[in-house]
Amino acid sequence: MEEISGFLAKSMLVQGGLLPTPPKNVKVLDNACGGGVVASVFFTSVEKPIDASMFCGDVNESMVASTAERIKKNGWNAEATIADAQALPFPDNHFTHTLINLGIQMIPDAALAIRESFRVLQPGGTFGMTTSSSPGWLESFEIAVDGWTTPPTFASGPVATKESIENLLMAAGFTQVNVQTVKFQHTDSMTHFLAYIREMFKGILVGSVGEKYEKYMRERYGDGNFALNWEAFVTTAQKP
Ligand SMILES: C[S@@+](CC[C@H](N)C(=O)[O-])C[C@H]1O[C@@H](n2cnc3c(N)ncnc32)[C@H](O)[C@@H]1O
């Protein structure tokens, strides 16, 4: 659901000073880029003319390939490359901005990834990150998916709370840590939502478990459009 990741990407880019008008000659790294949502939001929203460049890194080859295709098709000043956020293939003090949109919760060693982002940032550079604290589907999973246990990333761990995010970033050397809570509603059609959620949780929403979940959602919200409440943290910080 690119509307959700895109909404959070935009909040992060605005809070990090990259939108609407970035400083001159920014050199941005988008870690865990997935399908290139951050690049898309940045290059389609930024005020022109611009001299900004972006590197989009991800460990997943097919994600990198689809972002590279998107970059080529749209003519953005960007490059997509295989890059593990925990061992970045870039020199120290290289980028003006490093970003991770909805990615840190997928990375095994979050603290290492944050230290790597710090290392490749220039002094005075800006770090930006978004993390989902309560995705809209979570409540329905807790009620209607047999055997579901909420992943610890939402309840504990290094990015579960504002305080833990502040501690994580300050331990890596960041200053001016700014963690904003963002609450928003996303409206979707039941047909689109169920297709999306079945794809995202295809190992879980199978057989009778999937049928029970679908029945619960249709009974609770009907077959048309409905809204779910989402909550996330948008974080920015500075390398001194
Ligand atoms: C939820 S997606 C977010 C994608 C994108 N940032 C967005 O906003 O749509 C998480 C991404 O993290 C990537 N990822 C997981 N571990 C990684 C790592 N160690 N280094 C870089 N990317 C990683 C996955 O391949 C996946 O594309």
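**Close-up 1. The shell around the ligand.** The residues lining the ligand split into 11 nonpolar, 7 polar and 2 charged. Here Ala, Val, Leu, Ile, Met, Phe, Trp, Tyr, Cys and Pro count as nonpolar, Asp, Glu, Lys and Arg as charged, and the others, Gly among them, as polar. Of the 20 residues around the ligand, Ser5, Ala32, Gly34, Asn60 and Ala85 come nearest; a residue is near a molecule or strand if its C-beta atom, placed from the backbone, lies within 6 Å of it. Both α1 (2-15) and α2 (37-45) chip in at least two residues of the shell. Those labels are for DSSP runs, numbered from the N terminus: helices are H or I with at least four residues, strands are E with at least two.

A quick word on the model before we go on. You're looking at a predicted model, where local features need pLDDT of at least 70 and side-chain atom pairs count only at pLDDT 80 or more, while totals for chains, interfaces and linings use all residues. Residue numbers start from 1 along each chain as its sequence is written.

**Close-up 2. Where α1 meets α2.** These two helices pack at an angle of about 60°, with their axes 9 Å apart. The axes are lines fitted to C-alpha atoms, for helices over the stretch in contact, and angles run from 0 to 180 degrees between N-to-C directions. So α1 and α2 are oblique to each other: under 35 degrees counts as roughly parallel, over 145 as roughly antiparallel, 65 to 115 as roughly perpendicular and the rest as oblique. The crossing of α1 past α2 is right-handed, the near helix being turned clockwise from the far one by less than a right angle (anticlockwise would be left-handed). On the α1 side, look for Glu2, Ser5, Gly6, Ala9, Lys10 and Leu13; on the α2 side, Val37, Val38, Val41, Phe42 and Ser45. Two residues are in contact if their C-beta atoms, placed from the backbone, lie within 7 Å. By class, that's 6 nonpolar, 3 polar and 2 charged residues.

**Close-up 3. Two backbone oddities.** Most residues other than glycine have a negative phi, and most peptide bonds are trans. Now check the peptide bond from Leu19 to Pro20: it's cis, with omega near 5°. Pro20 sits in the loop between α1 and β1 (27-31). Ala32, in the loop between β1 and α2, has a positive phi, near 50°, despite not being a glycine.

**Close-up 4. α4 against α7.** Helix α4 (residues 110-120) and helix α7 (residues 162-172) cross at roughly 50°, and their axes come within 9 Å. That makes this pair oblique. The contact pairs Ala110, Ala111, Ile114, Arg115 and Phe118 of α4 with Leu168, Leu169 and Ala172 of α7. Sorted by class, the contact has 7 nonpolar residues, no polar ones and 1 charged. This crossing is right-handed.

**Close-up 5. α8 alongside α9.** Helix α8 (residues 190-200) packs against α9 at an angle of about 150°, with the axes 12 Å apart. That makes α8 roughly antiparallel to α9. From α8, Met190, Leu194 and Arg198 meet Gly210, Glu214, Met217, Arg218 and Tyr221 of α9. The residues of this contact are 4 nonpolar, 1 polar and 3 charged.

**Close-up 6. Helix α9 from end to end.** At 1.5 Å a residue, the 15 residues of α9 (residues 207-221) should span 21 Å, and the end C-alpha atoms are indeed 21 Å apart. The expected span is 1.5 Å times one less than the number of residues. Just after α9 comes Gly222, with a positive phi of about 80°.
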